[in-house]
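Q: I'd like a close look at a single part of this model. Could you walk me through one helix and how it sits in the rest of the chain?

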Amino acid sequence: MTGILIIAHAPLASALERCVEHVYSCEPGMTRANLRVLDVEPGASMDELLVRAQALLQEVNSGAGVLVLTDAFGATPGNIAARLNEPGRVAVVAGVNLPMLLRAVCYRGETLGEVAAKALAGGQQGMVQAA
């Protein structure tokens, strides 16, 4: 099963995890089998964040690869995520939103490439302007 790691400005990563538990009616912690989150606090050390992110990546990696979702490419969370990128093993997608995450969780049984593509499509399709 593809692992999922969310790296975002605090408290977004934790909030998204709670949303998944709410939407899928999971008991708190039910998503922990293959989902981890890293909330990036203001002033946090890049080196310490990278070490924490690498440890979380290992925890969630069952051998099927890990999808790393981050909020803003070019910001600290996105920079940490980019350092984890490893084609074929770790895929990074920026611009995380709830539809993207729900799609990734729903399809996490697929290959890493398929999960990344589904997540990206879900994130894009989840952005609509109400008429």
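A: Let's start with the whole chain and then zoom in on helix H3. Keep in mind that this is a predicted model. The chain has 5 helices and 4 strands, and if you follow them from the N terminus, the order is β-α-β-α-β-α-β-α-α. The radius of gyration is 14 Å, close to the 14 Å that the globule rule gives for 131 residues, so the chain is as compact as a globular protein of that length. Along the principal axes, the C-alpha atoms fill a box of roughly 40 × 35 × 30 Å.

Now for H3, which covers residues 76–84. Which of its residues are buried? They are Pro 77, Gly 78, Ile 80, Ala 81 and Leu 84. These residues span an arc of only 160° around the axis, which means that they lie on the same side of H3.

So what do they touch? The buried residues of H3 pack against four strands, namely E1 (3–9), E2 (35–40), E3 (66–70) and E4 (90–94), and also against helix H2 (46–60).

Zooming back out, 42% of the 131 residues in the chain count as buried. Among the chain's contacts with a separation of 6 or more, 69% are between residues 24 or more positions apart. As for the outside, the chain exposes about 6,800 Å², and carbon and sulfur atoms supply 54% of that.

One last detail, away from H3: the charged end of Lys 118 sits over the ring of Tyr 107, 4.6 Å from its centre.

Technical notes
Residues numbered from 1 in each chain as written. Predicted model: local features only at pLDDT ≥ 70, side-chain atom pairs only at ≥ 80, totals over all residues. Heavy atoms only, no water. Lys NZ or Arg CZ within 6 Å of the ring centre and 35° of its normal. Helix = DSSP H or I, 4+ residues; strand = E, 2+ residues; numbered from the N terminus. Rg over C-alpha atoms; globule rule 2.2 N^0.38 Å. Buried < 20%, exposed > 50% of the residue type's maximum accessible area, 1.4 Å probe, protein only. Contact = heavy atoms within 4.5 Å. Areas by Shrake-Rupley, 256 points an atom, 1.4 Å probe, with all protein chains shown as cover. Arc of directions from axis to C-beta.
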